[in-house]
Amino acid sequence: HNAYAAYTCFMLMFATGYRAVYNPLPSLSLSLRSYRLLGISDKDDSDFTHARLVCMPTILAKQLEYYAAHLAMLTEILRYRDPLLSTQIDQILTVDETILGLGFSDSSEWYQTIRNSRRVLGPLFHFRPMNRQWQAINLFPKALSSYLPDDLILPSNAGRHWMKSQLIRRQVEPEFIDWQMGHWMT
């Protein structure tokens, strides 16, 4: 699971230009597959000034589908061993249904609680040994670097820099690059 979660997280960061943050994809419901967009919040304040929809490559959309299926299977494996964790994963997978019933202020409060959270478990988590037990914790930049080979040293924002370089190389309009990278203010 850990390697698969790290792989998915690296793909997310390289495919979107996401900044290196805790819990980079706090909910799978932020993926708008039919529009090929992904809602992200990687440097936000309480007014969601930098929250934005970014282009989502088809391969990332497919990977998020595969990852959701992986989480569903993991939940079934864990159901009798760790019922509390399996319930948390169930909630991660069914949050769409919950969110649709919320009003603006409630959904805003929900999002402020989960975005870049160190406490609320998101879909991109890994298991770490703690007190002779395995505990699920959200992925974060330093943890991601531990999944790389020792001879491969990447800065935590490597995916972001790569994305911007690729957009410039392909002669994308600067305004669209600024949007994708979160340089707009609203």
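In which hand does α1 pass α2? In this predicted model, α1 passes α2 in a left-handed crossing. Two packed helices are described by the angle between their axes and the distance between the axes. Helix α1 spans residues 2-16 and helix α2 spans residues 58-78. Their axes come within 10 Å and cross at roughly 155 degrees. Angles over 145 degrees count as roughly antiparallel, and α1 is therefore roughly antiparallel to α2. On the α1 side, the contact is made by Tyr 4, Ala 5, Tyr 7, Thr 8, Met 11, Leu 12, Ala 15 and Thr 16. On the α2 side, Ile 59, Leu 60, Gln 63, Leu 64, Tyr 66, Tyr 67 and His 70 take part. By class, the residues of this contact divide into 11 nonpolar and 4 polar, with no charged residue.

Helix α2 also packs against helix α3, which covers residues 83-93. The axes of α2 and α3 come within 9 Å and cross at roughly 155 degrees. At this angle, α2 is roughly antiparallel to α3. The crossing of α2 and α3 is left-handed. Helix α2 contributes Ala 68, Leu 71, Ala 72, Leu 74, Thr 75 and Leu 78 to the contact. From α3 come Pro 83, Leu 85, Ser 86, Ile 89, Asp 90 and Leu 93. The contact of α2 with α3 has 9 nonpolar residues, 2 polar residues and 1 charged residue.

One residue of this contact, Thr 75, lies in helix α2. The relative accessibility of Thr 75 is 1%. Buried means under 20%, so Thr 75 counts as buried. Residues up to four places away in sequence are not counted among its neighbours; with these set aside, Thr 75 touches Ser 86, Ile 89, Asp 90 and Leu 93. These four residues are listed on the α3 side of the contact between α2 and α3.

The model also contains strands. Strands of a sheet pair through backbone hydrogen bonds, either parallel or antiparallel. An open sheet of 3 strands has the order β1-β2-β3, and its pairing is antiparallel. The edge strands are β1 (31-32) and β3 (52-55), each of which pairs on one side only. Strand β2, made of residues 37-40, is joined to β3 by 4 bridges. Ile 40 stands opposite Arg 52 in β3.

A second antiparallel pair is formed by strand β4 (residues 125-130) and strand β5 (residues 133-138), which are joined by 6 bridges. In this pair, His 126 stands opposite Ile 137 in β5. Strands β4 and β5 form a hairpin with 2 residues between them.

The backbone angle phi is of interest in the loops. Most residues other than glycine have a negative phi, and most peptide bonds are trans. In the turn of the hairpin, Asn 131 has a positive phi of about 50 degrees. Arg 132, in the loop between β4 and β5, has a positive phi of about 65 degrees although it is not a glycine. Arg 132 counts as exposed, because its relative accessibility is 88% and the limit for exposed is over 50%. Gln 171 lies in the loop between α7 (158-169) and α8 (174-181). Gln 171 is not a glycine, yet it has a positive phi of about 60 degrees. With a relative accessible area of 70%, Gln 171 is exposed.

Notes. Residues numbered from 1 in each chain as written. Predicted model: local features only at pLDDT ≥ 70, side-chain atom pairs only at ≥ 80, totals over all residues. Heavy atoms only, no water. Axes fitted to C-alpha atoms, helices over the stretch in contact; angles between N-to-C directions. Parallel < 35°, antiparallel > 145°, perpendicular 65-115°, else oblique. Left-handed = near helix turned anticlockwise from the far one by under 90°. Contact = heavy atoms within 4.5 Å. Nonpolar A, V, L, I, M, F, W, Y, C, P; charged D, E, K, R; others polar. Pairing = 2+ DSSP bridges. Buried < 20%, exposed > 50% of the residue type's maximum accessible area, 1.4 Å probe, protein only.
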